[in-house]
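Biologist: I am new to this structure and would like to learn how to read its internal spaces and the packing of its helices. Could we begin with the empty space?

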Amino acid sequence: MNVASVSLDLDNLWAYLKTHGDPAWERRPSFLPAAVPRLLEVFAEQGLTATVFVVGADAERDDGAAAVASITAAGHEVANHSHRHEPWLHRYSRAELAEEVARAEEAITAAGAPRPVGFRGPGYSVTRDLLEVLAERGYRYDASTLPTWIGPLARAYHNRTAPPGAERDGLFGGFSRVLAPNAPYRWRTAAGELVELPVTTMPLLRVPIHGSYLLQLHQVSPRLARGHFGAALRLCRALGVSPSLLLHPTDVLGAAEAPGMEFFPGMAVPGARKVELLRWVLAALRRHFEVVGTGEHVARAGSGLRDRDAGRLARC
Ligand SMILES: [Zn+2]
């Protein structure tokens, strides 16, 4: 049976409000106490082990540290999702990048998880500097790419919602989304090698299949969402693609549990309906694949991966 992976980006309410330019983010509102137990319950029900990408600034707080502890206790992998969750990570200097990665690691390990070996940036972009920093720090994989042509839509959405002065043009763009492979490959960097595990998009069509995209379809029609995901799984099986499915806390939260996020796609779907869709999605995935976390997915991808030279990427 082919392998598939499930990962959860533990983006908190404050991070969405920050990217949206809502000053309420500074009070650091959190929905982790509502979302994490619910997600862990669904994972346990489905009997699967996943990877949770945790933001360092959350792991430093009591509710975030408690989340890391419960995720670790349930046997899931905890990986690094940056410290401050700024989607303009690619504008950081190399020293700032190194600090961002290291601070999140410290917070995550202080909360009781093993030292992370996987990283996902908040803006779906990779740079040469980032990959070198990760290789230097002994990371085994990066999972920051989303190979889709939906990029221009995401950019238009961000430009409409980003805070004044936030980086705009460089976001969601270029190589990492449009031409990047849909299957794992190996980055060769000046500081060593690491594997890139893309967030899988629909094979051939390259449209997203992650949780929040399915919820947007669900808002139009539940049948459309299920049909879309079912078609993606059939294509993955036919073409030998091992899917890596991305989830977020908003995939199980209703609008009342995420105050200030009414602008966000899919928030009109009630929490209970979202949980029902997630159960269906994970059960469908399990029917056809052996479901593991992203670290295990990378380990199983083996040694025959295609090489890419990170030296050909923009430095930052
Ligand atoms: Zn995120």
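Modeller: In this predicted model, the largest cavity holds about 60 Å³ of space. As a general idea, rolling a probe the size of a water molecule over the atoms shows where empty space is left.

Biologist: How many cavities of 30 Å³ or more does the structure hold?

Modeller: There are two cavities that reach 30 Å³ or more, and the second largest of them has a volume of about 40 Å³.

Biologist: Which residues line the largest cavity, and which helices and strands supply at least two residues of that lining?

Modeller: Around the largest cavity you will find G211, L214, L215, L245, L247 and D251, together with K274, L277, L278 and V281. Helix 9 (211–220), strand 8 (244–247) and helix 11 (271–288) each supply at least two residues of this lining, and helix 11 gives the most, with four residues. By character, the lining of the largest cavity divides into seven nonpolar residues, one polar and two charged.

Biologist: How do the residues lining the second largest cavity divide into nonpolar, polar and charged?

Modeller: The lining of the second largest cavity consists of L89, H90, L97, S125, V126, T127 and L130, and these residues divide into four nonpolar, three polar and no charged.

Biologist: Let us turn to the helices. At what angle do helix 9 and helix 11 pack, and how far apart are their axes?

Modeller: The general idea is that two packed helices are described by the angle between their axes and the distance between the axes. Here helix 9 and helix 11 pack at an angle of about 120°, with their axes 11 Å apart. Because of that angle, helix 9 counts as oblique to helix 11. The crossing of helix 9 and helix 11 is right-handed, and the contact is made by L214, L215 and H218 from helix 9 with R273, K274, L277 and V281 from helix 11. The residues of this contact between helix 9 and helix 11 divide into four nonpolar, one polar and two charged.

Biologist: Within what distance do the axes of helix 9 and helix 10 come, and at roughly what angle do they cross?

Modeller: The axes of helix 9 and helix 10 (residues 222–239) come within 5 Å and cross at roughly 140°. On the helix 9 side, Y213, L214, L217, H218 and V220 meet P222, L224, A225, H228 and F229 in helix 10. The residues of the contact of helix 9 with helix 10 divide into eight nonpolar, two polar and no charged.

Key. Residues numbered from 1 in each chain as written. Predicted model: local features only at pLDDT ≥ 70, side-chain atom pairs only at ≥ 80, totals over all residues. Heavy atoms only, no water. 1 Å grid on protein atoms, 1.4 Å probe; cavity = no way out; pocket = protein on both sides within 12 Å on 5 of 7 lines; lining within 4 Å. Points joined across faces, edges and corners; volume = space filled by probe spheres on them. Nonpolar A, V, L, I, M, F, W, Y, C, P; charged D, E, K, R; others polar. Axes fitted to C-alpha atoms, helices over the stretch in contact; angles between N-to-C directions. Parallel < 35°, antiparallel > 145°, perpendicular 65-115°, else oblique. Left-handed = near helix turned anticlockwise from the far one by under 90°. Contact = heavy atoms within 4.5 Å.
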